[in-house]
Structure formats: structure tokens, C-alpha cells
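Open the model in your viewer and keep the selection panel at hand. The tour goes stop by stop.

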Amino acid sequence: MNRDPDVRMIETSIINEEATYSVNVTGASVTADSSISIIEGYCKKLPRDKYFVPEPKFEFLQEGNLYRCKLVLPPNAAFQTMIGPEASNCHMSKQLVCLDACKKLHMMGDLNDHLLPYSEDSPKTDCMTDVKVISSGAGTTKRKELHGSVSVRLLSGTLGVKLDDATFYAYKMDFSCNITEEKFSSFVLLLETKLDGDVGNIEVELYLIAKFVRSSVSFSGLTNLDAKQVAKAKCFQELIFNSLFGKLFVKSSSGQRRVLLNNEETLWDLSNNYLLLPLDSVDKASQECVIINWTGIDSCVSAVEFLKKNDWLNLQQSEAIDKSSSAHMRDSVVTELDGNVIHLANRSASVDNLKGMIVVAIHTGRIYSILDAVADTSAESPFERGSDTNYLSFADYYKKKYKILLKYPEQPLLLLKQSHNSHNLLVNFRNEGGGKIVVQKPQQPAHIPPELLVGTDLRTDVMKTFYLLPSLMHRMGSLMLASQLREEIAHHTGELNIPSSVILEALTTLRCIERFSMERLELLGDAVLKYAASCHLFLKYPKKHEGQLSSHRSRIVSNSTLHKFGVDHKLQEYIRDCAFDPRQWTAPGQRSIWPSPCNHCVDTREVPLDDKFFTEDVKIMVGNTCNRGHRWMVSKTISDCVEALIGAYYVGGGLTAALSLMKWLGIETVREPSLIDDAIKAASLHSYAAHSEAINILESKIGYKFNVKGLLLEAITHATKGVDHCYQRLEFLGDSVLDILVTRHLYENHKDIDPGELTDLRSASVNNNNFAFAAVRHNLHPHLLHGSECLGDQISSFVKSVSGMGSMTLTPENIAPKVLGDLFESIVGAVLIDSKLDLDEVWKVVEPLLSPIVTPEKLELPPFRELIELCDSLGYFVKENYTPKGDVIHAELSLQLEDVLLNGQGSGPNRKAARGMAALRLLKKLEARGISFSKHKNHQLDQGSDVKVRSSTCSEGSHSVARKKHKTTQLQPNIPSDQLNGESTEKASYSKDFDIPVLPPINMKKGGPRTSLYDLCKKLQWPLPSFDTMEQKSRTLIQFGNIKGFNSFESEISLAIPDFGVIKLTGEARADKKSSFDSAALLMMYELERLGKIIISE
């Protein structure tokens, strides 16, 4: 609603006889009789503290027999003084001046159309923001929303519809392994559209199990292909990618198995249309050249033609074989062979030439690389594959299973390296997940008769590169997506040259488990947004008090508002919210064997914003994308992305770029020079002559000379001083200035710390205690102008208590007066206005005042936070209890160890202070028992993160079994052995007052037993159980109910019960580790019930 009287005329009427002011829009009215209570109510809504209570003051002026009243409002009101009309008595003059004040306050917008003061709980739409009412739950973590995802335009093309001569933009891909002996073939990416420079020229680290590969992509100019070459390139991709990552053979509706490439249906999607081709090996002198390996490609095309021509594979496997004939194309069996020549299905070669060759199996369509020919073997050798005894020999196996009669059964079998699934190589799992060790599983080689393999001219170095391509192309596609969003924004803001990698970081959530995520940028963007909104409100609404400004800023920066800005510009379609799954990645020409059918009842790629696509169902999984690109997303993720994108534009283009982005989003950020001049002019009217000497001294302390002294005078004036100005508005502004300056400093100087630690650093630096300590350390507090004896006493008491302290960390019992922090913030706000919003100039003032700024090495967490993190790492639970006693809150925290119950007590003016004091005392008790928290987070659980491996051999039939022991997942302090002997065959005795917990029925689904046991431990304050797991590996399948597997996990559970002892049980073997935890947890629950400690409901 616009309150500007020049823009919108309010229909009002003043009836002189009855002295009434009414608002026709709502019918609200105020009379002279009720005007005084409205003014008093307005003052009660103004910002206050324990030292200052805003209230109106009245002075009476007598002129003959008539009286006039002078109204003086508090310094943070919309105006300060007004003299009313003449009246016959003092009381009437007081009523009339209040009636005029009501009219003026309504016209200024400080009273709404109901003639009530605006408060922090006012409606969301008003004169200060155009943000509409947001739907309930938007921007929260509870709400999940179904959204679509945008396709990458740069990967689209026309290869699926035409086979003409074509010109492509070529991007060379080179790969360098840290193990120099490992060689990877170079490739070229051919696109129909040119990439931006920061997308087409990149380096990406790819992490394998025991090595890493540095991949580099560089633009190599234009490449022309004729129609035949395009056709060959497409055929090559169809063969390799379907054989490696899909299926080369498919079953028709009639049940016949056919070569996929024989189908008339195209495998090429116009939205995923590009070529990935191997390059010839070149020497360093010609390394920049793009020479496509047409020899290898042609051999693959020939292999495809061979498979199509010899289409005997489409015989149904259920067909009977004619004993007098062969399903093989060969005419007869050959028994005499040249020992130096190996006959493949389509060619012959010497053994030496075969090593390292890439071949395709004609009976499965799988790709292999040849390791060697196995001496003293042939197709007549005994067939050994697990416990399968149905086949006498390899020849017998292929005859019975595939209806193939071998022509060269006497040839030696070839030892082949099998192809495997691609993996997410963008994550260094060796350094992720709390020190998780990744073990490379041994791969069993295959033995196949040579004549069942179609040879190619590709070598192993080409094959190895194919496993790198999905991860590299995923990263390139993500950068293309970021570039696409950048282009969309640039249409409205102009080119701002923000790196695509920074934008990608702002679009990437933690669920992607990449080396980067939006969290750091989100933290920075939050500070930038808060600063921009604060400047806008401070300058545009000079008559609004600090409470109103804070309320409106909260709305602008709220998650619900940011969510609306995000969805209005479809940012949710760009967000990357799940880890890269190579199985879901498909190359052009490849048919996916891992489809994700859409069941969302939405035919388009974009999902409409509708309540039916919002839910709070905890069972809904976020991140997984269906074939149409739909995925569920936590609503707050969109809000976080908006902040991160603001941070990205700030990092890439400074404040100007960030403000341009905010304007595109719809966030108003007025910074007109004329408004800055108006603010400076208003401050210049303050008379500072009486304080000029003190101001000069203060300027020397902070190291800044003010152009307008009135700004500094306003910054040091408390509302209790009783003048027409106070520091509250400048404090509002300074708070946001310090936030952005400190956050920017931490972001730029601590690039290698995780986002959580960066947040902790900011919290330790940007808080009232820290600012108050800085004010005292630099002796700024004597310059505070106030009129409250109580305030002066509290400041003196605090100064005395911290005098001589070298650390800026204050204990919970030593809380700084808020006024001192406010003083520091208001001085910073004054410097900003005086410097005409020059943040760099303000930082020159702030940095020395705040130094030393906390670093990760010196970071100390608040006591309660430290206690909770310590207990989480050790598996303990903290119970809280609060008791109010007058103005003081008493807190008691209890912590149950295995052998003792510890308590910590504290008190303070609020829960936070009382809880902090109690936590501090509890931490000291823990430290006395040798239990303490490591300040260095990265090494906090070093002992528990190691995995000890032992090898042993046991007899299980005729198969060897490798056992791997995983270290207990929980750390526990040393406890005397005589206190941990809970071996009990008898029920434990309890006092009559003890209530046995009754548990709901145990959920038998995966994770259910563990959850029930953990909830019980939390309720009773028992330490969490620990698990010790044994893994068995077998060559033969092991049966676990309806599940089969080659690995078996058996877990021992250990539960320490206070005042009872430790119970140790071993669960049943299961096919995976977590299921073995469930088995052990379930057994423990039944044992606890047997001991009479719990009752499990039926």
C-alpha cells in the first residue's frame, strides 16, 4: 500500500464539532477522546530495551485563556514534535494534538487503515515490499515439491535425423594418470554448437580406486565429416556404448534375441546428440592436432556388419538343435591348427598381436580385452563355473546353452579382462565419508574360445578411456547447464562475466557428494542479500524505526520469499540435487537398461506449481529423477539456491553483479545517490558542538575522520538521552555491514574449510559479545551518550569483569550488555553512510577493531554445542530440564555414562545463557574423567575411523573365505572390567518405583530394529550400542532367506546398560552390513525383554 500523499489520496474527514478523524477505506475512526490511547499504544510498539521505555511527553503553552499542547514523541518515532491547536483547557489541547498526531502518523504509514500501529506481525503485503503472500510451508525443510529439470541445449543436435556432411566444433579430451605407465587414449567431443570458453576449456580430476586421472578439455577448432564418416561414427558409438554400458542383444516381442543395431527404431535422441570418438596416438610435436582413429572406428563398423550378417543369434534358445547340423556358420570342425595363429570369429592373428585387442563376444554382445592365450587349454577343457556340473566342457557349455558348435575346439582359450559398469569418478571416496576406505574388489577374468569373439583394431588404452567418459561428460553437461542459466540471466542484466564453475557451485547441493556444494556460497549470499536489503530499507524509508526496518528485512530475506523468487524464475529446474549415477547416464546412440518410468501423471518436462505436487510425506525420496526429468526436492533447497546464486554473482562480479541478479530475481535494492545525500543531510542537522572534543577523540580511536560529524553523534546516542535522535537505525544498518564484511573476509581467507566450519567461524565473529568486547578493548564505551544510571552501572561492571582478558571468548556467565554491541554496530553503520556506501573503506576501519579475527585453529564452540557434538561422537544422550525463578532461568543437564550419571547446573537471564553455563560445568566433569572434545574437527574421530583388516582362512566346503573385521563404530571411554560383566541368566532386579518401558511393535523393515533400539537408548539415556562386523566372501552364492549373495555379514552388538553391565550378542548372518546390524539389534531387543527391562507390544 502506498502511503505517499502525493501518489495516493486517502479519503478522510475531520468533523470539527466532534473532533474526529476517519478512514473511509475501512471505516476506522479516532475521536479526540480516543486519540491519547492510540498515541500511547503507538509508543509502546516502538523498539525498547531494559533501559529505555518509549512514551509520549506533553508540554502545555498558555496564550491568554487558551491552551496549546506540545507533543514530544520518542527519538525512534516517525516524527518527534508537534504543537496542537488552541483549546479551552489543557486536557482538550492534549486530545487535539494527539488527534493531529494520529492523522499525521496515518498519512506517514506508521498507523494502518485500521489506525493501529504497524508491528512485526503485520500482514506480509504493505508499503515497503511488493512480495505477495507466500503459500504455507514454502521454503521449509519439511515440505517436498515435485519439479522438472531443464535439458542441456548445447548437447542437442540433428544427427538422429540426417546423415549429411557436417561441420562440428571439436573439443579434444586428454587424460594423464598419476601412474605414468597407465595410458589412456585421447578422445574428441564433436558438437554442433560452440561452448563458452570456460566450459570448453577445463580440467577435471577423476578418481579411480588406486589412482587418479587428470582430464583436460580444450577447444581444437572446427572439424568436417562427410556423410559416410558421420554414419561410421554413429555406428561406432552404438556398438561400444551399448556393449559396455547397455545390451547389444535384445529380445523382440516374439521372444527372439536380435542384435539391437538391426532394429529400425533410431537410438538417437535429438536432445542428446553429439559424437565421442577416439583419436590416433600422436607424438608430443603434433599433440594439438585432432586426428580421429578411423582405423579403429572402421573395424568396429565391420564388427557390426559381421554381427548383422551372421544373424543366427536370433534363434530362440528354446529351439532344438539338429544333431546332424550346427547352429554355427562353419561347415565342419577343424582339428589341425597352426599353433602361432589364433582364429577369431572374423579374423586371424598371432597371439602377440591379440594381446590388448578389444573384442566383442558374438553370443553375449559383451566387450572384453584380451590378456593372453592360456596354454594347455582348449574348448574341450573341463568347464568350471561355480557349482554348475551340467556341462562337461566349454564346448559342451556353448553347445547346450547357446546352440553353438565350435569349429576350432582345439584352439587355446583366451584369457579376457571383463568389462564392468562405469562408476562415479568425480568423488574421491578415499577422502570422503569420514575416512572410509575403498577396497578394490578383485575381478575374475573370463575364459572364452577365440572363435566366439569378433576382433577390432581398438586397444586397451581406448577401452580404459570409455570408463572415464561418463563422469567427464556429466561434469561438462553440468557446466553447460550453468552456462545456460548464465545466458538466461544475461538477457536481463547484461553480460556480467560470472564463471560457469561458480554458478555450477551455486546449483549443486550436498547430496551430489561433489568436492563443492552451494553451502559456502549460500553463506556469503545470505550476508550480501541482508546487506543489500538493509541499505535499501534504510535509505528509502528514513522515517521508519529500527523495529519496522528489521521486520521488513526479515520478510525480504525469509526462505518463503526467496522460494517464490526462485520458482518464479524456474531456478529449481537447474538445481543438481543428487549424486551422479553412471547407470542413468546414456551416450548418444545408447539405449538405457536402467529406465526410470515416470509415475507423476505429468506429461511435460516442466511440472506445474500445484498443491498436489507438494507433500510432507517423509517416505518420499528426494533427488531421484524419472525419464521425464521430474524429481522431488526439499522446498528449502530452492531458497538456499537463490542465496547461493547471489553469492556466486558477488564472487564473480562484485556487489554490482549481485545487485543486478537481485533485480532480475525481483528483489528491490534502491541505492540512488540522492537518497544517500538525503541521509547525510538529515544527520548534518544534529548539533554536535557540545561534543566536538569527544567526537575528535573517538575518531582517532576508530581511525576514521567523519565528513559529517552528526552521523557519529547519532551513532553514539542512546534513546535514553532524550534528544530527537538515537543510534537504532544506524545499528540496524551496521549489523548487516559487519555481517557481509566478516563473511567476505572468512570466505576469501579460508577456502579449504568445509561450509559448517565456515558458519562456525562467522558465528564466533559476528555476535554481540564479540562486538561488545571490541568496543571495550578499544575504549569506545565511554563515548556512549545515555541517560540511564542502570545502564551506566551495567557497562562499568562488564568492563571491570573483562579488563585484562586476552581472549575475546566470553563465558556464559559473563554476558555482554547488548548496548555495547549496538554501539559498535551503529558506528560501523555511520562510517558506511559517511563513506557513501564504500565497503572497502569501512573494512579499513573494521578490520583493526575486530582483530584478531578468529581462525579455524583458535575456534572455540559454545559450551552446549561442544557438549552435544562430543556426546554425538561417543553415543551419549543429554537430557535438559529448565526451571524459571523470577527473572532467572535455571538449567540442569544430565548425561548418563556407563558407570555414572553426571549433572551440570547453570542459571542466567534466558535459557541459552543458563544452558551454556550448565554445559560448561558438565564439560569440566567430563574432562576430569578423560573425556574431552577435539577442537580440530577433521581429527575428532581418528581412532574410530580406521578399519583394521585381518585375513584368515576357514573351511566352508571346499572354498576359501576371506574374513574382514570392521572396527567398532563407536568410541567409548575405558571402564573397569568388573563393571562390565552383564552376563546374566537371571532377570535383573528393579525397584518397585521403576517403570518398565512399553515399546510399540518393532518395524521389521530394513533399519526398523536399529531405530527402535536407538529410540530406547535415547529415552533411557543409555549409551548407544556398538557393532563389530565380520565379513565373509565366497565364490559360491550364499542363501539368506529369499536373498542370495557372495558376501556374508555377521555383527556382534554390545550394549552397556548403566548400573547393570554390558550385554554382547551376535546376530544372524545377512547379505549386507546394515541388515546384519538389524539382526543383532533385533536379538538385543528380545534379550532386553527377556531380562525384564522392556515390554514389546504385540
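**Stop 1: helix α10.** Select residues 500-507, which form helix α10. This is a predicted model. How many of the 8 residues of α10 are buried? The count is 7, so the helix is mostly covered. Colour the buried ones: Ser500, Val502, Ile503, Leu504, Glu505, Ala506 and Leu507. Both Ser500 and Glu505 are on that list.

Now show what lies over them. The cover of the buried α10 residues includes α3 (197-200), α9 (469-493) and α11 (519-540). It also includes α14 (635-665) and α18 (728-749).

**Stop 2: Asp640.** Stay with one of those covering helices, α14. Select Asp640, which lies in α14. Is Asp640 buried or exposed? Its relative accessible area is 10%. The cut-off for buried is under 20%, so Asp640 counts as buried.

Show side chains here. The side chain of Asp640 makes a polar contact with the side chain of Lys636, at 2.8 Å. Lys636 sits four places before Asp640 in the numbering. In general, an α-helix has 3.6 residues a turn, so residues three or four places apart point the same way. Which residues does Asp640 touch once neighbours within four places in sequence are set aside? They are Met518 and Glu522.

**Stop 3: the sheet.** Move to the strands. Five of them form an open sheet, in the order β20-β19-β18-β17-β21, with antiparallel pairing. Select β20 (446-448) and β21 (453-459) for the edges; each pairs on one side only. Neighbouring strands of the sheet are turned by 45° against each other on average, direction ignored.

**Stop 4: helix α4 on the sheet.** Add residues 227-245, helix α4. The helix packs on the sheet and touches β17 (357-361), β18 and β21. Its direction makes about 75° with that of β18.

**Stop 5: two strand pairs.** Select β18 (residues 367-373) with β19 (residues 414-418). They pair in the antiparallel sense over 5 bridges. For a landmark, label Asp372: opposite it in β19 stands Leu415.

Then go to the pair β17 and β21. They run antiparallel and are joined by 4 bridges. Label Val359 and look across: which residue of β21 is its bridge partner? The partner is Gly455.

**Last stop: β21 itself.** Keep β21 selected and switch to a surface view. This edge strand is mostly covered, with 5 of its 7 residues buried. Helix α4 is among the elements that touch β21.

Note on methods:
Residues are numbered from 1 along each chain as its sequence is written. This is a predicted model: local features need pLDDT of at least 70, side-chain atom pairs count only at pLDDT 80 or more; totals for chains, interfaces and linings use all residues. Side-chain values use heavy atoms; hydrogens and water are left out. Two strands pair if DSSP finds at least two bridges between them. Axes are lines fitted to C-alpha atoms, for helices over the stretch in contact, and angles run from 0 to 180 degrees between N-to-C directions. Contact means heavy atoms within 4.5 Å. Buried means under 20% relative accessible area, exposed over 50%, partly exposed in between (1.4 Å probe, protein chains only). A polar contact is a pair of N or O atoms within 3.5 Å; within protein, one must be able to donate a hydrogen and the other to accept it, and residues adjacent in sequence count only if both atoms are side-chain atoms.
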